[in-house]
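Work through the exercises below with the sequence and the model side by side. Try each task before reading its solution.

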Amino acid sequence: MYKTIICAIEIGNEGKKVLAKAQEVAAKFESRLIIINVLPYTFLPKDYQNELKGKTLPEFEKFVSKFGIAKKNRALKVGKPYEAICSLADKMQADLIILGTHSKKGIHSLMGSTATAVANNSKCDVSLVKV
């Protein structure tokens, strides 16, 4: 059913939970799993964005390598998270995007802003993991 799955994560315990769920779904459907982490620093100058990305890359590589994700299936981007996630999904012709969402209180906080934007702008299915 799903040939290519994009999993958007943040490095940390929440990212582990989302990535574990994505691996479970990918194994079930024998899907290609591509991991993306987006640094939301678009307001910074390009040279500083590149420096930040360079500093974050080793941590990202170490984090995803623990899950056995091949280097060709990893992406570290700087930009608006929902745009980078949806763009990668389009480029890779993904069938599903998996990302985490925080459980917040109140009627206006059903999903986080990134999760909402991805769900509204994606051309493929979106699955949310409660973190």
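The exercises cover one helix and its packing, two backbone angles, a pocket, and some single residues.

The model is predicted, local features need pLDDT of at least 70, side-chain atom pairs count only at pLDDT 80 or more, and totals for chains, interfaces and linings use all residues. Residues are numbered from 1 along each chain as its sequence is written, and side-chain values use heavy atoms, with hydrogens and water left out.

**Exercise 1. The buried side of α3**

Task: Find which residues of helix α3 are buried, and what covers them.

Solution.
- Step 1. Locate the helix: α3 takes in residues 81-91. Helices (H or I, at least four residues) and strands (E, at least two) are DSSP runs, numbered from the N terminus.
- Step 2. Apply the accessibility classes: buried is under 20% relative accessible area, exposed is over 50%, and partly exposed is in between, with a 1.4 Å probe and protein chains only.
- Step 3. Read off the buried residues of α3, which are Ala84, Ile85, Cys86, Leu88 and Ala89.
- Step 4. Recall the helix repeat: an α-helix has 3.6 residues a turn, so residues three or four places apart point the same way.
- Step 5. List the cover, which includes the strands β1 (4-8), β2 (32-39), β3 (74-78) and β4 (96-101), and also α4 (113-121).

**Exercise 2. α3 against α4**

Task: Describe how α3 and α4 pack, and state which residues make the contact.

Solution.
- Step 1. Take the geometry: the angle is about 40° and the axes are 9 Å apart. Axes are lines fitted to C-alpha atoms, for helices over the stretch in contact, and angles run from 0 to 180 degrees between N-to-C directions.
- Step 2. Assign the hand: α3 passes α4 in a right-handed crossing. A crossing is right-handed if the near helix is turned clockwise from the far one by less than a right angle, and left-handed if anticlockwise.
- Step 3. Pick out the contact (heavy atoms within 4.5 Å). From α3 come Pro81, Tyr82, Ile85 and Cys86, and from α4 come Thr114, Ala117, Val118 and Asn121.
- Step 4. Sort these residues: 6 are nonpolar, 2 are polar and none is charged. Ala, Val, Leu, Ile, Met, Phe, Trp, Tyr, Cys and Pro count as nonpolar, Asp, Glu, Lys and Arg as charged, and the others, Gly among them, as polar.

**Exercise 3. Two positive phi angles**

Task: State where Glu30 and Gln93 lie, and whether each is buried or exposed.

Solution.
- Step 1. Recall the background: most residues other than glycine have a negative phi.
- Step 2. Check Glu30, which is not a glycine but has a positive phi of about 55°. Glu30 lies in the loop between α1 and β2 and is exposed, with a relative accessible area of 73%.
- Step 3. Check Gln93, also not a glycine, with a positive phi of about 55°. Gln93 sits in the loop between α3 and β4 and counts as exposed at 65% relative accessibility.

**Exercise 4. The largest pocket**

Task: Give the volume of the largest pocket and describe its lining.

Solution.
- Step 1. Fix the term: on a 1 Å grid over the protein atoms alone, a pocket is an open set of points where a 1.4 Å probe fits, with protein on both sides within 12 Å along at least five of seven lines; lining residues have an atom within 4 Å of a point.
- Step 2. Take the volume, about 460 Å³.
- Step 3. Of the 24 lining residues, the closest to the centre are Ile9, Glu10, Gly100, His102 and Thr114.
- Step 4. Assign the lining to elements: α1 (13-29), β2, α3, β4 and α4 each give two or more residues. The largest share, 4 residues, comes from β2.
- Step 5. Sort the lining into 13 nonpolar, 8 polar and 3 charged residues.

**Exercise 5. Ile9 and Gly100**

Task: Give the place and the contacts of Ile9 and Gly100.

Solution.
- Step 1. Ile9 is in the loop between β1 and α1 and is buried, at 6% relative accessible area.
- Step 2. Beyond its neighbours within four places in sequence, Ile9 contacts residues including Val18, Ile35 and Phe60.
- Step 3. Gly100 belongs to strand β4 and is partly exposed at 26%.
- Step 4. Not counting residues up to four places away in sequence, Gly100 touches Ala8, Val18, Ala115, Val129 and Val131.
- Step 5. Gly100 and Thr114 are 14 residues apart in sequence and 9.2 Å apart in space, C-alpha to C-alpha.

Methods. Grid points are joined across faces, edges and corners, and a volume is the space filled by probe spheres set on the points.
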